[in-house]
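Work through the exercises below with the structure in view, and try each task before reading its solution.

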Amino acid sequence: LGTADVGARVVTAGGRLEPGMTKPARVALDAALLIRGGDRFVLRGGSPPVTIGGGVVSDPMPPGRRARLWPMRLCAPDRLRLALREGGVHGVQHSSLAIRLGIAPRDVPNVEREAEALALGDRLYVAEALELVTNQLIALVNTQHEDHPLEPGVSLQFVRSRLAGHAALTDAAIRRAIANEKVELVGGLVCRRGWSPVFSAELRLVRDTIVRELRDAGREPPSILELSNRHGNGVAAVLRHLEREGAAVQVERERYFGPDAVTQLTEELRRGMQRGREYSPGELRELLGVSRKYLIPILEYFDRIGVTERREGGRLFVGT
């Protein structure tokens, strides 16, 4: 090809490429070459080198395994349509078209329009790709609601990670589903339009029982694992729902408190800690009347929400 000379293997469908025959073929190169669509090449064989054939490049950037060779002598829009169909939800990079199709950059927009390509970001897609990903999105959201009926929605990050295709296509699918009133985006969560968490009779009983147990346990409540052992695997979802309702407070990763207990602890810190004085963990344990197992997570929680501040010599009360 031009001044380049590399090893190659010719692969055809439906039998060998016989002398005098012209047919589509894949040419697998031993080394990369800079090639444009439409470039002509010569095939030489053996030693001494003998010209045994030649051809015209229809696509210099084929996928690793092309299911079917392209027909010969296609125009640029038809070749772009085939490339888009092969690209599917991954599309074709816009900046590669002049090289891939062997056309002048100024002609690329006209070819895109004639091929009816869908442009999103720096890539082009076949029009059906958007509909496919939109349907995948709606099915994903519906499945998540069925599997997790107490959750208010599915995180946008999770949706993007599960949908096929580049970010521009998935974001366009989300916008389309919202415009068609199939889903809605609320606080970074994607949910079915009009969705609200649904409690079954069994989960409603678990909810009421957990609320009562947290209230009765006061400032030393059971962990999520302890509650799950008593009430089943749905406990974590129930606790998250209770927190959204304000009926529980997650003080540490594996433990929720009743809101009354948190309010009481806050009041005791406010009344018992002098402004400007640093208190050691031992002093605060005496003040709050909890064991060390509960004390440290409680203090770290109050540090996070700005009630106390940890210093080198102890903790200060900084709340209002």
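**Exercise 1.** Describe how strand S11 and strand S12 are paired and joined.

*Solution.* Begin with the pairing: strand S11 (residues 249-252) and strand S12 (residues 255-257) run in the antiparallel sense and are linked over three bridges. Then look for one pair of residues that face each other, and you will find Val 249 opposite Phe 257 in S12. Finally, follow the chain from S11 to S12, which are joined by a hairpin through two residues. Keep in mind, here and in what follows, that this is a predicted model.

**Exercise 2.** Work out the strand order of the open sheet that contains S8, S9 and S10, and find which strands stand at its edges.

*Solution.* The order of the three strands is S8-S10-S9, with antiparallel pairing. S8 and strand S9 (183-186) each have a single partner strand, so they stand at the edges, and one side of each is left without a neighbour in the sheet. For the pairing in detail, take S9 and strand S10 (residues 189-192), which are connected over four antiparallel bridges; in this pair, Val 183 has Arg 192 in S10 as its bridge partner. The last step is to look at what lies on the sheet: H4 packs there, touching S8, S9 and S10, and its direction makes about 85° with that of S10.

**Exercise 3.** Treat the open sheet of S5, S6 and S7 in the same manner.

*Solution.* Here the order is S5-S7-S6, and the pairing is again antiparallel. Strand S5 (92-93) and strand S6 (118-120) are the edge strands, each pairing on one side only. Between S5 and S7 there are two bridges, and Val 92 of this pair stands opposite Leu 124 in S7.

**Exercise 4.** Which residues have the most contacts inside the largest nonpolar core, and which helix gives this core its largest share?

*Solution.* As background, nonpolar side chains in soluble globular proteins tend to be buried together. The largest nonpolar core of this model has 36 residues, and those with the most contacts inside it are Leu 80, Leu 97, Leu 137, Val 159, Leu 169 and Val 190. Among the elements that give it two or more residues are helix H1 (76-87), helix H4 (127-147) and helix H6 (167-179), and the largest share, seven residues, comes from H4. To see one of these residues in its surroundings, select Val 190: leaving aside its neighbours within four places in sequence, its contacts include Leu 137, Val 141, Val 159 and Leu 185. A second, separate core of 20 residues includes Val 262, Leu 269, Leu 284 and Ile 298.

**Exercise 5.** Decide whether Glu 151 is buried or exposed.

*Solution.* First locate Glu 151, which lies in the loop between H4 and strand S8 (154-155). Its relative accessible area is 14%, and because the cut-off for buried is under 20%, Glu 151 counts as buried. Then, not counting residues up to four places away in sequence, list what Glu 151 touches: Trp 195, Pro 197, Ala 237, Arg 240 and Arg 244.

**Exercise 6.** Describe the packing of helix H8 against helix H9.

*Solution.* Helix H8 (residues 224-231) and helix H9 (residues 235-245) pack at an angle of about 120°, with their axes 9 Å apart, and the two helices are therefore oblique to each other. On the H8 side the contact is made by Ile 224, Leu 227, Ser 228 and His 231, which meet Val 235, Ala 236 and Leu 239 in H9. Sorted by class, this contact has five nonpolar, two polar and no charged residues.

How values were computed:
Residues numbered from 1 in each chain as written. Predicted model: local features only at pLDDT ≥ 70, side-chain atom pairs only at ≥ 80, totals over all residues. Heavy atoms only, no water. Axes fitted to C-alpha atoms, helices over the stretch in contact; angles between N-to-C directions. Parallel < 35°, antiparallel > 145°, perpendicular 65-115°, else oblique. Contact = heavy atoms within 4.5 Å. Nonpolar A, V, L, I, M, F, W, Y, C, P; charged D, E, K, R; others polar. Core = buried A, V, L, I, M, F, W, Y, C linked by side-chain atoms within 4.5 Å. Buried < 20%, exposed > 50% of the residue type's maximum accessible area, 1.4 Å probe, protein only. Pairing = 2+ DSSP bridges.
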